[in-house]
Amino acid sequence: MGTLSLSLSLWAVLVLAVVLVALCAPCVVSQQPNFIVILADDVGWGDLGANWAETKETPHLDRLAAEGTRFVDFHSAASTCSPSRASLLTGRLGVRNGVTHNFAISSLGGLPLNETTLAEVLREAGYTTGAIGKWHLGHHGKHHPNSRGFDYYFGIPYSHDMGCTDSPGYNVPPCPPCPPHGTAARVARKDCYTEVALPLMENVTIVQQPVELGSLAARYAEEAARFIQQASHSGRPFFLYLALAHMHVPLTPPLPPAPGRDIYGATLGEMDALVGRIKEVADSLGKGSTLLWFTGDNGPWAQKCELAGRLGPFVGAWQRQRGGSSAKQTTWEGGHRVPALVYWPGRVPAGRTSHALL
């Protein structure tokens, strides 16, 4: 492992700690803090009520913003899934770490093995490390999370639209569920994966296949809470990387929306409640012991129409007049400018809005 690679990886730790402390009031950290990074998928800058007054479904996230610092000019490193996640975990852009496109079911590779992850750096510093949710950085051999610095993994190896499931959820266009056991698989469609059932994994073991999409959010919340509690009882600091399925399609709100009710809003409310639950568990350890960071991997998937998130003000004349997208998969600002909230009681100022470009 080269000195340059290690030093750049340490930059990722500094983003989560030293830079934030420099932005906050003077304080002294008496012990190693815990880190929780919650990464939403395809979330729009305007999906937070704290950012966009028209949004009413995020009371927990809005409270998080009120009790922490809101960064309104925070940008993901890419406008697609795998490259932004690779950059988040290595502190290096895709042109340097080698991840410039999304990995697929058929991908044999992943995040290059010579890259150092934030989890590896923190584990070396004595942290218990866990990843829960979407990985999407390679799922074969040593590309698995357990080989990239994470002591524990629970989640799906790629996006939850990459593989058939028990129920198709809400999508545009809709994908069919997995065929019943013993029946022939459907003809593969370009926009759907019907040949492979989506697996849910605990470490290297498949614990459910196909995934029950309707219960996935609850299972993530349960596993995250369990990891936090067990790690705190061990006496060691912990790092939890919680990569949510929200707000990527297919959307699976907790109950079928009533006629006229917005499907996206119902799903956004479910994500908000999940974040509130994690904050509650973190606070139970003692406020000030855990730094919680909420952000997104990229902007909303505009091609999904009413099932896509809100860009807020980041829609220009070209998009309005020509019908183009300014969101995910583009270099328009709505594709990479994402929500960012940092909560660390007693360390990061409450009720602050930062316009720092990050």
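What is the mean pLDDT of the protein chain, and what share of its residues reach 70 or more? Before selecting anything, keep in mind that this is a predicted model, and colour it by pLDDT if your viewer allows: the mean for the protein chain is 90, and 89% of the residues reach 70 or more. Now select residues 1–14, where the pLDDT is below 50, and where the model has 22 contacts beyond near neighbours in sequence. Then select residues 18–29, a stretch whose pLDDT is also below 50 and which has 25 contacts of that kind in the model.

**The sheet**

Next, show the strands as a cartoon, and follow the open sheet that 10 strands form in the order 6-5-4-3-7-1-8-9-2-10, with mixed pairing. Select strand 6 (205–208) and strand 10 (352–354), which stand at the edges; each has a single partner strand, so one side of each is left without a neighbour in the sheet. As you turn the view and pass from one strand to the next, look for the twist, which averages 20°.

To see one pairing in detail, select strand 4 (residues 152–155) together with strand 5 (residues 200–202), which run in the antiparallel sense and are paired over two bridges. Within this pair, pick out Gly155, whose bridge partner in strand 5 is Met201.

Then add helix 4 (residues 81–90), which packs on the sheet and touches both strand 1 (34–40) and strand 7 (238–243); the direction of helix 4 makes about 170° with that of strand 7.

**Three places in the loops**

Go to the loop between strand 4 and strand 5, where you will find Pro173, and look at the bond that joins it to Val172, a cis peptide bond with an omega of about -5°. A cis peptide bond also joins Val249 and Pro250, here with an omega of about 0°, and Pro250 is in the loop between strand 7 and helix 8 (263–284).

For the next stop, select Cys305 in the loop between strand 8 (290–296) and helix 9 (317–322). Cys305 is a residue other than glycine with a positive phi, near 55°.

**The second largest pocket**

Finally, show the second largest pocket, in which about 270 Å³ of space lies. Of the 15 residues that line this pocket, select the closest to its centre, which are Asp161, Met162, Tyr193, His248 and Trp301. If you then colour the whole lining by residue type, you should find four nonpolar, six polar and five charged residues.

Note on methods:
Residues numbered from 1 in each chain as written. Predicted model: local features only at pLDDT ≥ 70, side-chain atom pairs only at ≥ 80, totals over all residues. Heavy atoms only, no water. 1 Å grid on protein atoms, 1.4 Å probe; cavity = no way out; pocket = protein on both sides within 12 Å on 5 of 7 lines; lining within 4 Å. Points joined across faces, edges and corners; volume = space filled by probe spheres on them. Nonpolar A, V, L, I, M, F, W, Y, C, P; charged D, E, K, R; others polar. pLDDT = per-residue confidence, 0-100. Contact = heavy atoms within 4.5 Å. Pairing = 2+ DSSP bridges. Helix = DSSP H or I, 4+ residues; strand = E, 2+ residues; numbered from the N terminus. Axes fitted to C-alpha atoms, helices over the stretch in contact; angles between N-to-C directions.
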